[in-house]
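Student: Could we go through this structure together? I would like to begin with its pocket.
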Amino acid sequence: MSLFNTTSLTFALLATLGLAACQSPSSTKAHTHRTTTTHANMPEKMAEHMRKEQRGWKKLTPEQRAEFQKKAEQRRTERQARFEMLQKACEGKAGQTINVKLNDKTVEGQCEVHFRPTRDDKNKS
C-alpha cells in the first residue's frame, strides 16, 4: 500500500505542476487578444494603431479636427484620381504590361481583370 500511495502522490504532484505551468502568466502575445477591436480577425498591431488613433482623435480641438478632415478628404480625392488614371490607362489592355507616370515616377505594371462571382450557393440550400 505504501508504494501505491507514493506513486499516487507523485502523479498528483506532477499533474498539479503541469497544470500550473500551462496557466502561467508568461504566455505568448497571441493569447492576449483584446475584445475592444472593431474586427475579431484584425491583426493586433493594426488594432493597437486604431485604438491609439481613436484616443488621439478625442484630444483634437474642433479646428484641428476640421483641418484633419480637410486633409483626409484631399488625400481621398488624390487617391481616387490616381485610381481613375490607372483604370483609363488599362482600358482595353488586359494582360498587357504598361508604364504609368505617378507623380514624378514611372511605374511599370500589368493590367489585370478580376472577376468575383456572387455567392448564391448559400441561398439555394
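Tutor: Certainly; please keep in mind that this is a predicted model. The largest pocket has a lining of 18 residues, and those nearest its centre are Leu 86, Gln 87, Cys 90, Cys 111 and Glu 112.

Student: How much space lies in the largest pocket?
Tutor: The space in the largest pocket comes to about 360 Å³.

Student: Which helix and strands each supply at least two residues of the lining?
Tutor: Helix 3, covering 62-90, does so, together with strand 1 (97-102) and strand 2 (105-110).

Student: And how do the lining residues divide into nonpolar, polar and charged?
Tutor: The lining of the largest pocket holds 10 nonpolar residues, five polar ones and three charged ones.

Student: Let us step back. What pattern does the chain follow along the sequence?
Tutor: The pattern is α-α-α-β-β-α, which reflects four helices and two strands in the chain.

Student: How many residues are in the chain, and what percentage of them is buried?
Tutor: There are 125 residues in the chain, and 6% of them are buried. The chain exposes about 11900 Å², with 56% of that supplied by carbon and sulfur atoms.

Student: What share of the contacts with a separation of 6 or more is between residues 24 or more positions apart?
Tutor: That share is 0% in this chain.

Student: Back to helix 3. How many residues does helix 3 have, and what does it reach from first C-alpha to last?
Tutor: Helix 3 has 29 residues and reaches 42 Å, close to the 42 Å expected at 1.5 Å a residue. Just after helix 3 comes Gly 92, whose phi is positive at about 75 degrees.

Student: Which residue has a positive phi although it is not a glycine?
Tutor: Asn 103 does, with a phi of about 55 degrees. Asn 103 sits in the loop between strand 1 and strand 2.

Student: Why does Asn 103 count as exposed?
Tutor: Asn 103 counts as exposed because its relative accessibility is 69%, and the cut-off for exposed is over 50%.

Student: What about Thr 97: buried or exposed?
Tutor: Thr 97, which is found in strand 1, is exposed, because its relative accessible area is 52% and exposed means over 50%.

Student: Which residues does Thr 97 touch, leaving out those up to four places away in sequence?
Tutor: Thr 97 touches Glu 108, Gly 109 and Gln 110 on that count. In addition, Thr 97 and Cys 111 are 14 residues apart in sequence, while their C-alpha atoms are 6.4 Å apart in space.

Student: Where is Leu 102 found?
Tutor: Leu 102 is also in strand 1. Leu 102 is partly exposed, because its relative accessible area is 21%, whereas buried means under 20%.

Student: And which residues does Leu 102 touch, with those up to four places away in sequence not counted?
Tutor: Leu 102 touches Arg 82, Met 85 and Val 107. From C-alpha to C-alpha, Leu 102 and Leu 86 are 9.3 Å apart in space, with their positions 16 residues apart in sequence numbering. Leu 86 is also one of the residues that lie nearest the centre of the largest pocket.

Conventions:
Residues are numbered from 1 along each chain as its sequence is written. This is a predicted model: local features need pLDDT of at least 70, side-chain atom pairs count only at pLDDT 80 or more; totals for chains, interfaces and linings use all residues. Side-chain values use heavy atoms; hydrogens and water are left out. On a 1 Å grid over the protein atoms alone, a cavity is a set of points where a 1.4 Å probe fits but cannot get out, and a pocket is an open set with protein on both sides within 12 Å along at least five of seven lines; lining residues have an atom within 4 Å of a point. Grid points are joined across faces, edges and corners, and a volume is the space filled by probe spheres set on the points. Ala, Val, Leu, Ile, Met, Phe, Trp, Tyr, Cys and Pro count as nonpolar, Asp, Glu, Lys and Arg as charged, and the others, Gly among them, as polar. Buried means under 20% relative accessible area, exposed over 50%, partly exposed in between (1.4 Å probe, protein chains only). Contact means heavy atoms within 4.5 Å. Accessible areas come from the Shrake-Rupley method with a 1.4 Å probe; for residues, only the protein chains shown count as cover. The expected span of a helix is 1.5 Å times one less than its number of residues.
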